[in-house]
Structures are given as C-alpha cells and as structure tokens.
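Colleague: Could you take me through the largest pocket of this chain and the elements around it? I would like the cut-offs along the way, please.

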Amino acid sequence: MVSGRRGSRKAEQGATLVTRTLVKVRFNEVDSLGIAWHGHYVKYFEDGREAFGQEHGLGYLDVYRNGLVIPIVSLSCNYRKPLQYGDSILIETTYVDSPAAKIQFDYKVYEQREHTLVAEGTTTQVFLDAETRTLLLNSPEFFENWKKRVLPANSPS
C-alpha cells in the first residue's frame, strides 16, 4: 500500500482532506471468475483510512492513546464496475468535516490504469470511551486540536 499525493478541497459540510492510496487487487480477494468479491471493498476503504491516519496523524493508535475507540456505525458502498485480479486501484479517501462528534470519510475507488470509477462509499465512526464503551456526545479535545492543526483556516468548525 502506498500513500500518495495530499490534496484539500471545500465541501458543502466544511473543510476536507484527501489521501490517495495505491493497492493491487490480490489473488485471495477474487472469486473463481477472477472478479473481486464485493465484501473486499470494505477492506479497500480500511486501507484508505489507515493511509489517511498515517499521513494526517489520526491513526487508530493515536485515538486509542487518548483513551478512545472509534467504531464504524454506518457504511455504504455503491458499485459501478467490477475489479479483477491484478488491477491496480487508487483509493481516494476524503475526510468530511462536521461539528458533530464523529469522523466521516467518503471514498472513491478507481481502476488506476484508465482512472475509471469502480466504487464509491462512505463510513461514519463515533467516539467511545475505550474502558467503559460510553458514547461521547461532544468531540474529544484531542480531536478538536487535530482539526485546528490540519484543516484549512477557513474551516467552519
């Protein structure tokens, strides 16, 4: 997995950060017809989130060191075109800023050679106390500080 170029753009909900990650469709991800099984797209989203965390300092261990966990509470994926064994894919992971106590990512998965959109989706994660598993209704301080550090100054949050 390779993390690539960094970009930012303005979305209706607020400021965003984008990470692009290159991945090859692996042999164990395809069926007998050589087509990537639909469930592996969730793993591609995970690859994108992990690369985003490494690039922007918001990895799972960073969250855990602050006494929190961030389970996924919502996931959607729209499939446009099948991937095949050996395809190189570009996963574009976009952080969507929100004043709510959540982390939302949008994803676009492209077949790299022709830059064809093959899938797009979104995930939403919430903050839980790591010990008690209690839901936090307000964004934790470390997350607010992270947003102040990495988001463009004109962010509404």
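Modeller: Happily; here is the pocket, followed by the helix and strands that line it and their neighbours.

A word on the ground rules. This is a predicted model, so local features need pLDDT of at least 70 and side-chain atom pairs count only at pLDDT 80 or more, while totals for chains, interfaces and linings use all residues. Residues are numbered from 1 along each chain as its sequence is written, and side-chain values use heavy atoms, with hydrogens and water left out.

The chain has three helices and eight strands (DSSP runs numbered from the N terminus: helices are H or I with at least four residues, strands E with at least two). From the N terminus on, their order is β-β-α-α-β-β-β-β-β-β-α.

Now the pocket. The largest one has a volume of about 150 Å³. A pocket here is an open set of points on a 1 Å grid over the protein atoms alone, where a 1.4 Å probe fits, with protein on both sides within 12 Å along at least five of seven lines; lining residues have an atom within 4 Å of a point. Points are joined across faces, edges and corners, and the volume is the space filled by probe spheres set on them. Of the 14 lining residues, R49, G53, L58, G59 and Y60 are the closest to the centre. By class, the lining holds seven nonpolar, four polar and three charged residues (nonpolar: Ala, Val, Leu, Ile, Met, Phe, Trp, Tyr, Cys and Pro; charged: Asp, Glu, Lys and Arg; polar: the others, Gly among them).

Three elements, α1 (40-56), α2 (60-65) and β6 (102-111), each supply at least two lining residues, and α1 gives the most, with five. The helix α1 has 17 residues and reaches 24 Å from its first C-alpha to its last, close to the 24 Å expected, that span being 1.5 Å times one less than the number of residues. Among the buried residues of α1 are G48, R49, F52 and G53, buried meaning under 20% relative accessible area with a 1.4 Å probe and protein chains only. After α1 comes G57, with a positive phi near 70°.

On the strand side, seven of the ten residues of β6 are buried. Two strands count as paired if DSSP finds at least two bridges between them. Strand β5 (residues 88-96) runs antiparallel to β6, with eight bridges, and a hairpin joins the two through five residues. I91 has V109 of β6 as its bridge partner. On to β7 (residues 116-126): this strand is also antiparallel to β6, through ten bridges, and D106 stands opposite T122. Four residues lie between β6 and β7 in their hairpin, where H115 takes a positive phi near 50°.

Finally, β5 itself has eight of its nine residues buried, and T93 lies in this strand. T93 is buried, with a relative accessible area of 0%. Leaving aside residues up to four places away in sequence, T93 touches L17, V18, T19, G48, R49, F52, F105, D106 and Y107, a contact being heavy atoms within 4.5 Å. One of these, R49, is also among the residues closest to the centre of the pocket.

Note on methods. Buried < 20%, exposed > 50% of the residue type's maximum accessible area, 1.4 Å probe, protein only.
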